[in-house]
Amino acid sequence: HVALVTFNDAATLVVPPTTDRGGIIGAIAELAPTSGGTRFRTALARASEAIGSGRGTIVVITDLQ
């Protein structure tokens, strides 16, 4: 399963855990950087919630701004 969480001042679960890789790729294609802050703690917490009690890996991709 793969999920997509976006974040700046807040974190949003854009795509919940799914096996639909095409849906994830489509959602990523729609993303654009914003001028909001970067709240890594909030993003990691939301990603952890999406994983739940199972095992998972969190990958952070940033525009380095």
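This passage describes the salt bridges, the nonpolar surface patch and the largest pocket of a predicted model.

The structure holds 2 salt bridges. Side chains of opposite charge can pair when their charged atoms come close. In one of these pairs, Asp9 is joined to Arg39, and the closest N and O atoms are 3.9 Å apart. Asp9 belongs to the loop between β1 (2-7) and β2 (11-18), whereas Arg39 belongs to the loop between α1 (21-29) and α2, so this salt bridge ties together parts that are 30 residues apart in sequence. Asp9 is classed as partly exposed because its relative accessibility is 47%, a value that falls between the limits of 20% for buried and 50% for exposed residues. Arg39 is likewise partly exposed, its relative accessibility being 43%.

The salt bridge between Glu49 and Arg46 brings the closest N and O atoms to 3.3 Å from one another. Here both partners lie in helix α2, and because Glu49 and Arg46 are 3 residues apart, about one helical turn separates them. Glu49 has a relative accessible area of 56% and is therefore exposed, while Arg46, with a relative accessible area of 30%, is partly exposed. Arg46 can also be placed with respect to a part of the chain far from it in sequence, for its C-alpha atom is separated by 9.4 Å from that of Thr6, although the two residues are 40 residues apart along the chain.

Helix α2, which spans residues 40-51, includes Phe40 and also Thr42. For Thr42, a relative accessible area of 32% corresponds to a partly exposed residue. The C-alpha atoms of Thr42 and Ala11 are separated by 6.0 Å, and these residues are 31 residues apart along the chain.

A nonpolar patch on the surface is formed by Phe40, Leu44, Ile51, Ile58 and Val60, which together have about 380 Å² of accessible area. Residues enter such a patch only if their relative accessible area is over 30%. Phe40 has a relative accessible area of 40% and is thus partly exposed. Val60, at 41% relative accessibility, also counts as partly exposed. Whereas Phe40 lies in helix α2, Val60 is located in the segment after α2. Phe40 and Val60 are 20 residues apart along the chain, and the separation of their C-alpha atoms is 9.0 Å.

The largest pocket contains about 1200 Å³ of space. Its lining comprises 37 residues, and those that lie nearest the centre of the pocket are Leu4, Val5, Thr6, Phe7 and Ile61. Among these, Thr6 is the residue whose C-alpha atom was related above to that of Arg46 in the description of the salt bridges. Several elements of the fold contribute to the lining of the largest pocket, since at least two residues come from each of β1, β2, α1 and α2. When the lining residues are sorted by class, 22 are nonpolar, 13 are polar and 2 are charged.

How values were computed. Residues are numbered from 1 along each chain as its sequence is written. This is a predicted model: local features need pLDDT of at least 70, side-chain atom pairs count only at pLDDT 80 or more; totals for chains, interfaces and linings use all residues. Side-chain values use heavy atoms; hydrogens and water are left out. Patches are made of residues with over 30% relative accessible area and no salt bridge: like charges are joined within 9 Å, nonpolar side chains (Val, Leu, Ile, Met, Phe, Trp, Tyr) within 5 Å. Accessible areas come from the Shrake-Rupley method with a 1.4 Å probe; for residues, only the protein chains shown count as cover. A salt bridge is a side-chain nitrogen of Lys or Arg within 4 Å of a carboxyl oxygen of Asp or Glu. Helices (H or I, at least four residues) and strands (E, at least two) are DSSP runs, numbered from the N terminus. Buried means under 20% relative accessible area, exposed over 50%, partly exposed in between (1.4 Å probe, protein chains only). On a 1 Å grid over the protein atoms alone, a cavity is a set of points where a 1.4 Å probe fits but cannot get out, and a pocket is an open set with protein on both sides within 12 Å along at least five of seven lines; lining residues have an atom within 4 Å of a point. Grid points are joined across faces, edges and corners, and a volume is the space filled by probe spheres set on the points. Ala, Val, Leu, Ile, Met, Phe, Trp, Tyr, Cys and Pro count as nonpolar, Asp, Glu, Lys and Arg as charged, and the others, Gly among them, as polar.
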